[in-house]
Amino acid sequence: MTELLQVDHLSKQYPGFTLQDISFSVKPGRIMGLIGKNGAGKSTTLKSILNMVRPESGTVTMLGKDFYANEKECKQDIGVVFGGIDFYPLKKLSAITAVTRRFYKDWDQERYNDYLRQFSLDENKQFRSLSNGMKVKYLLALALSHHATLYLLDEPTSGLDPVSRDEILHIFTRIVKDGKRSVLFSTHITSDLDRCADDITYIQNGKVLQSADKDTFLHSFEHLKAAEDTSPLTLEEIMLRTEGRTLDETAL
């Protein structure tokens with residue numbers, strides 16, 4: 001198996017917005033960052049991949065299988081984190097976990113307990129009492145505790161303090177170290193990608209502007225620099241220089 005995730009020509013239509021012909025792939029042992037401004041289509045892409053919203057067209061091959069035809073089986077091997085999920089706000093974390101772990105045949109309680117300690121999470125607390133950052137850490141603890149092969153994460157470092165972000169990025173790096181597992185995560189914090197991403201997929205106005213390994217990605221936007229500018233472009237500078245332009249204006 002060459003790719004853990006292969007997305008081909010995925011499209012989703014909403015009133016006033018179209019996710020159009022999204023294609024990219026994630027190979028084993030890689031961390032891919034999914035970037036784009038708010039409203040560009042990052043969350044819609046992840047939700048379409050996971051069939052949380054049904055795309056009008058396109059295919060998703062996950063772990064060598066047609067995801068839409070093998071959704072239940074594939075979901076055993078993926079870890080997912082989406083922001084804005086409030087579960088049952090009055091329930092304690094222990095009660096939420098007791099239900100969640102029933103869905104996974106490879107649930108690892110010892111690993112889960114390790115993450116509780118690492119993230120300083122108290123299972124006796126109600127979900128609503130957690131800060132936004134602690135909610136993200138709890139969702140990550142659940143996603144990381146059933147030996148997934150592929151992790152799909154929507155803004156997992158959003159709302160975290162710098163120390164906690166470092167901690168999460170270190171976990172991502174550790175996950176892919178064996179060369180068998182991969183992480184795909186969306187973010188608007190480009191400095192996180194500067195430090196840990198192997199590959200970048202850039203979505204602009206519902207379309208993939210570029211998807212490549214990080215070095216190739218950065219080099220492909222060199223034409224946007226002034227002739228006298230010899231310093232390499234950063235991801236943040238690329239987004240600042242391309243947003244507001246048409247796809248033709250930023251053609252690679």
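**Exercise 1. Which helices do the buried residues of α3 pack against?**

Before we start: this is a predicted model, where local features need pLDDT of at least 70, side-chain atom pairs count only at pLDDT 80 or more, and totals for chains, interfaces and linings use all residues. Residues are numbered from 1 along each chain as its sequence is written, and side-chain values use heavy atoms, with hydrogens and water left out.

*Solution.*
- Step 1. Find the helix: α3 spans residues 93-100. Helices (H or I, at least four residues) and strands (E, at least two) are DSSP runs, numbered from the N terminus.
- Step 2. Pick out its buried residues, which are Leu93, Ile96, Thr97 and Thr100. Buried means under 20% relative accessible area, exposed over 50%, and partly exposed in between (1.4 Å probe, protein chains only).
- Step 3. Look down the axis of α3: the buried residues fall within an arc of 100 degrees, so they line one face of the helix. The arc is that of the directions from the helix axis to the C-beta atoms.
- Step 4. Now read off the partners: these residues pack against α4 (109-118) and α5. Contact means heavy atoms within 4.5 Å.

**Exercise 2. Work out the strand order of the open sheet and place two helices on it.**

*Solution.*
- Step 1. Six strands run in the order β6-β7-β8-β3-β9-β10, with mixed pairing. Two strands pair if DSSP finds at least two bridges between them.
- Step 2. Check the ends: β6 (78-81) and β10 each have a single partner strand, so one side of each is left without a neighbour in the sheet.
- Step 3. Add the twist, which averages 10 degrees from one strand to the next. Axes are lines fitted to C-alpha atoms, for helices over the stretch in contact, and angles run from 0 to 180 degrees between N-to-C directions.
- Step 4. Turn to β8 (residues 182-186): β7 (residues 150-154) pairs with β8 in the parallel sense over five bridges, and β3 pairs with β8 in the parallel sense over four. Val183 of β8 stands opposite Tyr151 and is also the bridge partner of Ile31.
- Step 5. Place the helices. Helix α1 (residues 42-49) lies across β3, β7, β8 and β9, at about 145 degrees to β7. Helix α6 (residues 162-176) touches β3, β7 and β8, and its direction makes about 145 degrees with that of β8.

**Exercise 3. Which way do the residues of β8 point, and which nonpolar cores include Val183 and Leu184?**

*Solution.*
- Step 1. In a regular strand the side chains alternate between the two faces of the sheet. Here Ser182, Leu184 and Ser186 point one way, while Val183 and Phe185 point the other way.
- Step 2. Count the covered positions: five of the five residues of β8 are buried.
- Step 3. The largest nonpolar core has 47 residues, and Val183 and Phe185 are among those with the most contacts inside it. A nonpolar core is a set of buried Ala, Val, Leu, Ile, Met, Phe, Trp, Tyr and Cys residues joined through side-chain atoms within 4.5 Å. Helix α5 (residues 132-143) gives the most to this core, with seven residues.
- Step 4. A second, separate core of 26 residues includes Leu184, along with Ala40, Met62 and Ile203.

**Exercise 4. Describe the surroundings of Thr201.**

*Solution.*
- Step 1. Thr201 sits in strand β9, and with a relative accessible area of 0% it is buried.
- Step 2. List its contacts beyond four places in sequence; among them are Phe24, Met32, Gly33, Leu34 and Ile35.
- Step 3. Ser211 is in contact with Thr201 too, and a polar contact of 2.7 Å joins their side chains. A polar contact is a pair of N or O atoms within 3.5 Å; within protein, one must be able to donate a hydrogen and the other to accept it, and residues adjacent in sequence count only if both atoms are side-chain atoms.

**Exercise 5. Where are Asn51 and Asn205, and what is the phi of each?**

*Solution.*
- Step 1. Recall that most residues other than glycine have a negative phi.
- Step 2. Asn51, in the loop between α1 and β4 (57-62), has a positive phi of about 65 degrees. Asn51 is partly exposed, at 23% relative accessibility.
- Step 3. Asn205, in the loop between β9 and β10, has a positive phi of about 50 degrees. Asn205 is partly exposed as well, with a relative accessible area of 47%.
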